[in-house]
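Me: Please take a close look at a single part of this model and walk me through it slowly, explaining each term as you go.

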Amino acid sequence: MWSTSRLALTKEMSQNPSNVLEEWASLEEEFQHLQETHKLYLQKLEEISKLQNNCSSTISRHHKRLKELSHQVKRCGNSSSPEDSKTMDAIKDKIKMRPNVLFEMEAFLPKKNGLYLSLVLGNVNVTLFSKQSKFAYKDEYERFKLYLTVLVLLLSFTCYFFASYRFVDAILNFLLVWYYCTLTIRESILITNGSRIKGWWVFHHYISAFLSGVMLTWPDGELYKVFRNQFLAYCLYQSFVQCLQCYYQSGCLYRLRALGERHNLDLTVEGFQSWMWKGLTFLLPFLFFGHFWQLFNSISLFNMAQLPDCKEGQVLLCALCFLILFLGNFLTTVAVVRQKMKSRNQKAKSQ
């Protein structure tokens, strides 16, 4: 009844010309204010664009001058007096620290996309201009990686134990292709916005995407059936280890960021990095087992490729991909562990 009476009152007001004129005048005033605000917004955008261009050109010039000055300092180092030598050492230390500060500045300025992002997205600007938006995107990337890893774990489990059908395997492989391709795009955007992930931790996602694509195109036959369970068990194990890594690494990164020892855009990775030493060494046996499983997959596929009835080119391609993954993961992990042990020994000697 209340709603009916309100509707009748609204109808009566709408039929009154004075009320219509009053409402229109209010709308006109609001529209004028909106136009002025929007005009001011466009002016500020133009000012920001000029400031961004100015900062970018100054940073580029500063990089060039720093490089020239570092060469001059090296030349002056041998022929200077003790006092000048101390001054030169102080300048050297500042020159070493300056690129990190400039890198932080560049993270908040527009920049050209790299080759991969240019091919995928074109010249769209992907720079995020606030710390909150950068961290939110990074946080969303971590959630995406964890959710998809759990989904791959469940699908691998289903394929291994319950669904022995090629089309279900194709769904898993297509999911892996999409997952790794999406990871490479998101990681490239994060790198553009100042993330320090680099080297093998980025490249191995490209190899994994290619490997998943090759597995997707492998026709259903005797050789595929021979390797199928081995591959599914590998996917199951890798997904389990990646879930462990996502859980423990995210907690470790949160604590290190709170202490100011890590960057806000540092990411969890499918491997072992220098900051993981404390509390995460228990992951090393799981990682090394996964690395040697990749080697085992590669050897199995190379042996399969030598069989007389092996006509599929996917066998050799998969063998090469697994071999590259093993070498990259194993050598990178060994290098990180060796570096950490060396730094620990140096600290112990200094104490």
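Reply: Helices (H or I, at least four residues) and strands (E, at least two) are DSSP runs, numbered from the N terminus. The part to look at is Asn297, which lies in helix 10 (residues 284–305). This is a predicted model, in which local features need pLDDT of at least 70 and side-chain atom pairs count only at pLDDT 80 or more, while totals for chains, interfaces and linings use all residues. Residues are numbered from 1 along each chain as its sequence is written, and side-chain values use heavy atoms, with hydrogens and water left out.

Asn297 is buried, because its relative accessible area is 0%, where buried means under 20% relative accessible area, exposed over 50% and partly exposed in between (1.4 Å probe, protein chains only). If we leave aside its neighbours within four places in sequence, Asn297 is in contact with Phe227, Gln230, Tyr234 and Phe322, contact meaning heavy atoms within 4.5 Å. One of these partners, Phe322, is 25 residues away from Asn297 along the chain, and their C-alpha atoms are separated by 6.6 Å. With another partner, Gln230, Asn297 makes a side-chain to side-chain polar contact of 2.7 Å; a polar contact is a pair of N or O atoms within 3.5 Å, and within protein one must be able to donate a hydrogen and the other to accept it, while residues adjacent in sequence count only if both atoms are side-chain atoms.

The aromatic partners lead on to a wider group of rings. Rings of Phe, Tyr and Trp (its six-membered ring) pair if their centres lie within 6.5 Å, and planes under 30 degrees apart count as stacked, over 60 as edge-to-face and the rest as tilted. By this rule the count comes to 23 aromatic pairs, and among them is the tilted pair of Phe231 and Tyr234, with 6.5 Å from centre to centre and 35 degrees between the planes. Phe231 and Tyr234 both belong to helix 8 (residues 222–258), where they are 3 residues apart, about one turn of the helix, and both are buried. Ring pairs link Phe231 and Tyr234 with Trp218, Tyr224, Phe227, Tyr237, Phe289, Trp293 and Phe322 into a cluster. Three members of this cluster, Phe227, Tyr234 and Phe322, are thus also contacts of Asn297.
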